[in-house]
Amino acid sequence: MSAFRVRPLERRAARGLALLAALTLAAVPGLAREGASDGVRVAQATPAPGAAAAGATKRTPAPKDAYCYIGWPSNGETLHTRHIKVWFGTRNFGIAPAGVEKPNTGHHHLLIDVDLPPLDQPIPNDKNHLHFGNGQTETFIDLAPGTHTLQLLMGDANHVPFDPPVMSKKITIHVE
Ligand SMILES: [Cu+2]
């Protein structure tokens, strides 16, 4: 009587597994795109037991006047190289490695060609979201010719953006 009754059992099972896989990926932000991990600086840290108890979405407070900026390249710059140095600046805020909980400090994340991720979850860890968990303030990235966007977003010890977010303006660059 039902259409499901006549469908072969193994096909239904396969559909069920595919659905389960899709749901699992959807439930873990960042994991779905984690296949391409080139340039990833640190592994996504598992939240500390304390943080887990308080909820994975806990955000660390930050001063309202704290922000980041991209010191190089400049917004609108045309670059004649695909190997690009990027340096990060911070105002009214300090740098600490990932995993270190110290008030008013965090580590940089460079967002390449993406909008801001959800601010109440750990920042994804993939080729569009680079983590600088050792406290680095500069890097080199390789970009294909064309127009690209760059933005900095500071993350706390657990890679979660601050409240309010400590971030830079999104800049646009042209690579030739
Ligand atoms: Cu991070």
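Select aspartate 113 to begin, in the loop between S6 and strand S7 (129–131). Aspartate 113 is not a glycine, yet its phi is positive, at about 60°. Most residues other than glycine have a negative phi, and most peptide bonds are trans, so this stop and several later ones pick out backbone departures from that rule. Aspartate 113 counts as partly exposed because it has 13 C-beta neighbours inside 10 Å, and the exposed class ends at 12. Keep in mind throughout that this is a predicted model.

Next, move to asparagine 92, which sits in the loop between S3 and strand S4 (94–95). Here again a residue other than glycine carries a positive phi, near 60°. Asparagine 92 has 12 C-beta neighbours inside 10 Å and therefore counts as exposed.

Now colour the whole chain by confidence. The average pLDDT of the protein is 80, and 68% of the residues score at least 70. Select residues 1–54, and you have a stretch where pLDDT stays under 50 and for which the model has 48 contacts beyond four places in sequence; the coordinates of that stretch call for caution in view of its pLDDT.

Switch to a cartoon view for the overall layout. The protein has three helices and 10 strands, and along the sequence the pattern reads α-α-α-β-β-β-β-β-β-β-β-β-β. If you list the contacts between residues at least 6 apart in sequence, 72% of them join residues at least 24 apart.

Then select S1, S3 and S8 together, since these three strands form an open sheet, in the order S1-S3-S8, with antiparallel pairing. S1 and strand S8 (138–142) stand at the edges with a single partner strand each, so one side of each has no neighbour in the sheet. Averaged over the sheet, neighbouring strands are turned by 35° against each other, direction ignored. Strands of a sheet pair through backbone hydrogen bonds, either parallel or antiparallel. To follow one such pairing residue by residue, show S3 with S8, which are joined in the antiparallel sense over five bridges; isoleucine 84 has isoleucine 141, in S8, as its bridge partner.

With the sheet still displayed, add the side chains of the largest nonpolar core, which has 19 residues. Those touching the most other members are Cys68, Leu110, Leu152, Leu153, Met154, Val166 and Met167. At least two residues of this core come from each of strand S1 (67–72), strand S3 (83–91), strand S6 (109–112) and strand S9 (146–152), and S1 supplies the largest share, three residues. For the protein as a whole, 24% of the 176 residues count as buried.

Which residues is valine 166 in contact with, once its neighbours within four places in sequence are left aside? Select valine 166 and expand to its contacts, and you will find Ala62, Ala66, Tyr67, Cys68, Phe93, Gly106 and Met154.

Finish with two peptide bonds. Proline 164 lies in the loop between S9 and strand S10 (171–175), and the peptide bond that leads to it from aspartate 163 is cis, with omega near 0°. The other is found by selecting proline 73, in the loop between S1 and strand S2 (78–79), where a cis peptide bond joins tryptophan 72 and proline 73, with omega about 0°.

How values were computed. Residues are numbered from 1 along each chain as its sequence is written. Helices (H or I, at least four residues) and strands (E, at least two) are DSSP runs, numbered from the N terminus. A residue is buried if 20 or more other C-beta atoms lie within 10 Å of its own, exposed if 12 or fewer, and partly exposed in between; C-beta atoms are placed from the backbone. Two residues are in contact if their C-beta atoms, placed from the backbone, lie within 7 Å. A nonpolar core is a set of buried Ala, Val, Leu, Ile, Met, Phe, Trp, Tyr and Cys residues joined through C-beta atoms within 7 Å. Two strands pair if DSSP finds at least two bridges between them. Axes are lines fitted to C-alpha atoms, for helices over the stretch in contact, and angles run from 0 to 180 degrees between N-to-C directions. pLDDT is the predictor's confidence in each residue, from 0 to 100.
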